[in-house]
Amino acid sequence: ARRKGSHEFSGVIDLSGMLAKKGSKKLRKTKKAGKKGKKEKEGDFLINAHDGEARRMAEHLVPINDKLIALGLQSHNLNSGVVSAFKADRGGQVLVYQPDI
């Protein structure tokens with residue numbers, strides 16, 4: 001038997017700042033120069049882990065069509081299988097969206 005239930009979007013985060021890489025041609029150019037004295041390798045992540053301020057600044061460097069936006073989808077009627085095994089209250093998915101405007 002099918003259970004009735006609802007779905008809702010819950011939570012949104014811009015992943016582009018966390019995933020931005022040094023030397024990427026896709027990043028917007030800024031007037032500020034990078035920190036001097038520290039050797040940067042192309043391909044390394046632009047920010048360090050746990051640096052929320054740098055993450056927010058890096059998000060502004062990524063053009064809109066190169067952004068990766070994650071959002072949660074809660075499914076109130078999904079409560080069996082792994083959801084039940086882990087004693088969670090509902091199931092759902094994490095979706096990643098890339099704009100194309």
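## Checking the labels on a predicted model

Mentor: Of the 101 residues in this protein, 22% count as buried. Keep in mind that the model is predicted.

Trainee: What are the secondary structure elements, and in which order do they run from the N terminus?

Mentor: The order is β-α-α-β-α-β, which comes to three helices and three strands.

Trainee: How much surface does the protein expose, and what share do carbon and sulfur atoms supply?

Mentor: About 8,300 Å² is exposed, and carbon and sulfur supply 55% of it.

Trainee: Let's get to single residues. Why is Ser 16 called buried?

Mentor: The cut-off for buried is under 20% relative accessible area. Ser 16 has 6%, so it counts as buried. You'll find Ser 16 in helix α1, residues 16-19. Beyond its neighbours within four places in sequence, Ser 16 is in contact with Glu 59, Val 62, Lys 67 and Leu 68.

Trainee: Lys 67 caught my eye. What makes Lys 67 and Asp 14 a salt bridge?

Mentor: The rule wants a side-chain nitrogen of Lys or Arg within 4 Å of a carboxyl oxygen of Asp or Glu. Here the closest N and O atoms are 2.9 Å apart, so the pair passes. Lys 67 lies in the loop between α2 and β2 and Asp 14 in strand β1, so the bridge ties together parts that are 53 residues apart in sequence.

Trainee: Are Lys 67 and Asp 14 buried or exposed?

Mentor: Lys 67 is buried, and Asp 14 is buried too.

Trainee: How many salt bridges does that rule give in total?

Mentor: It gives three. Arg 55, Arg 56 and Glu 59 are linked in a network of them.

Trainee: How do you know that Arg 55 and Glu 59 qualify?

Mentor: Their N to O distance is 2.7 Å, and the limit is 4 Å, so they qualify. Arg 55 and Glu 59 are about one helical turn apart, because they sit four residues from each other in helix α2.

Trainee: And what is the distance for Glu 59 with Arg 56?

Mentor: It's 2.5 Å, N to O. Glu 59 and Arg 56 are three residues apart in helix α2, again about one turn.

Trainee: Which burial classes do the network members fall into, and why?

Mentor: Glu 59 has 4% relative accessibility, so it counts as buried. Partly exposed runs from 20% to 50%. Arg 55 has 21%, so it counts as partly exposed, and Arg 56 at 45% gets that label as well.

Trainee: What about Gly 72, why is that one called buried?

Mentor: Gly 72 has 16%, and the buried class is under 20%, so the label holds. Gly 72 is found in strand β2 and touches Glu 8, Phe 9, Ser 10, Gly 11 and Gln 93, leaving out residues up to four places away in sequence. Its C-alpha is 7.4 Å from that of Gly 92, 20 residues away in sequence.

Trainee: What makes the charged end of Lys 21 count as sitting over the ring of Phe 45?

Mentor: The charged end of Lys 21 is 4.5 Å from the ring centre. The distance limit is 6 Å, and there's an angle limit as well, 35 degrees from the ring normal. Lys 21 is listed as sitting over the ring.

Trainee: How many aromatic pairs are there?

Mentor: Zero, after a search of the whole structure.

Trainee: Which residues form the nonpolar patch on the surface?

Mentor: Ile 13, Met 18, Leu 19 and Phe 45, with about 330 Å² of accessible area together. A patch member needs over 30% relative accessible area. Ile 13, in strand β1, has 35%, so it clears that bar while counting as partly exposed.

Trainee: Last one: what makes the phi values of His 50 and Lys 87 worth a look?

Mentor: Most residues other than glycine have a negative phi. His 50 has a positive phi near 70°, and Lys 87 has a positive one of about 60°. His 50 lies in the loop between α1 and α2, and Lys 87 in the loop between α3 and β3.

Trainee: Why are His 50 and Lys 87 called exposed?

Mentor: Exposed means over 50%. His 50 has 84%, so it's exposed, and Lys 87 has 75%, so it counts as exposed too.

Technical notes. Residues are numbered from 1 along each chain as its sequence is written. This is a predicted model: local features need pLDDT of at least 70, side-chain atom pairs count only at pLDDT 80 or more; totals for chains, interfaces and linings use all residues. Side-chain values use heavy atoms; hydrogens and water are left out. Rings of Phe, Tyr and Trp (its six-membered ring) pair if their centres lie within 6.5 Å; planes under 30 degrees apart count as stacked, over 60 as edge-to-face and the rest as tilted. Helices (H or I, at least four residues) and strands (E, at least two) are DSSP runs, numbered from the N terminus. Buried means under 20% relative accessible area, exposed over 50%, partly exposed in between (1.4 Å probe, protein chains only). Accessible areas come from the Shrake-Rupley method with a 1.4 Å probe; for residues, only the protein chains shown count as cover. Contact means heavy atoms within 4.5 Å. Patches are made of residues with over 30% relative accessible area and no salt bridge: like charges are joined within 9 Å, nonpolar side chains (Val, Leu, Ile, Met, Phe, Trp, Tyr) within 5 Å.
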